Amino acid sequence: MDLLHLIALLAALLSAGLMAGLFTGYSYSVMPGLAILDDRAWVAALQHINRVIINGRFMTGFLGSVAFSLAAVVLGFFLDDRSALPWTIAGLVLNLVSFIGTMAKNVPLNDKLEAAGDVAALADPTALRTEVEAPWIKWNHVRGTANLLALAALAWALYTTGLAA
């Protein structure tokens, strides 16, 4: 059981780290970099990014951060030493904040961008950008911060287990 728990905890840690890196990378480089684009180009760029990001690598980290954290929590209940469990639960909760925030906030905004269709045919790309940009960035900061804190909690859980030593 210790080995399964260690594997689940490591997988949770790595997937949380992947998501923290992705989402915080958007916060400090991608979105500020795209900010210089005119409205039509901004919409086109986000539409394209939203299409290409849905792939196996992204989904493994995105879904894995929750699934592996949950597995580590469940397996943690079967250990004699449960000292890592509170930190593992914290990691799971924080990964869920990121997951739920993504599904409830960022994905609907992405869908709104996609539903706009061909940017060349958009009558008012400025209105669309104005509606989407600020809330998308705000919720991206939330999910990036949540994953970063999950990474820290899961790292502390791993340290607490003594299994990594």
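Good morning, colleagues. I begin with Arg143, whose charged end sits over the ring of Phe23, 3.9 Å from the centre of that ring. The charged end of Arg143 also sits over the ring of Trp136, and here the distance to the ring centre is 5.1 Å. Please bear in mind throughout that this is a predicted model.

Let me now turn to the chain as a whole. It has 5 helices and 0 strands, and read along the sequence it follows the pattern α-α-α-α-α. Taken along the principal axes, its C-alpha atoms fill a box of roughly 65 × 25 × 20 Å. The chain has 165 residues, and 42% of them count as buried. Among contacts with a separation of 6 or more, 81% are accounted for by residues 24 or more positions apart.

As to the surface, the accessible area of the chain comes to about 8400 Å², and 72% of it belongs to carbon and sulfur atoms. The chain has 9 positive and 11 negative side chains. How far apart do the centres of the two sets lie? They lie 2 Å apart.

I come next to the aromatic residues. The count comes to 5 aromatic pairs. One aromatic pair is formed by Trp87 and Trp156, with ring centres 6.4 Å apart. Why is this pair edge-to-face? The planes of the two rings stand at 70 degrees, and planes over 60 degrees apart count as edge-to-face. The pair links distant parts of the chain: Trp87 belongs to helix α4, residues 85-115, while Trp156 belongs to helix α5, residues 125-161, and the two are 69 residues apart. Are these residues buried or exposed? Trp87 counts as partly exposed, at 40% relative accessibility, and Trp156 is partly exposed as well, with a relative accessible area of 42%. Elsewhere, Phe58, Phe62 and Phe99 form one aromatic cluster.

My last example is Ala20, whose place is in helix α1, residues 2-34. Ala20 has a relative accessible area of 3% and is therefore buried, the cut-off being under 20%. Which residues does Ala20 touch, leaving aside those up to four places away in sequence? They are Gly25, Gly144, Asn147 and Leu148. Ala20 and Ala155 are 135 residues apart along the chain, and their C-alpha atoms are separated by 13 Å.

To close, I return to the point of departure: the charged end of Arg143 sits over the ring of Phe23 and over the ring of Trp136. Thank you for your attention.

Note on methods
Residues numbered from 1 in each chain as written. Predicted model: local features only at pLDDT ≥ 70, side-chain atom pairs only at ≥ 80, totals over all residues. Heavy atoms only, no water. Helix = DSSP H or I, 4+ residues; strand = E, 2+ residues; numbered from the N terminus. Buried < 20%, exposed > 50% of the residue type's maximum accessible area, 1.4 Å probe, protein only. Contact = heavy atoms within 4.5 Å. Areas by Shrake-Rupley, 256 points an atom, 1.4 Å probe, with all protein chains shown as cover. Lys, Arg positive; Asp, Glu negative; His and termini not counted. Charge placed at Lys NZ, Arg CZ, Asp CG, Glu CD. Phe/Tyr/Trp six-rings, centres within 6.5 Å; stacked < 30°, edge-to-face > 60°. Lys NZ or Arg CZ within 6 Å of the ring centre and 35° of its normal.
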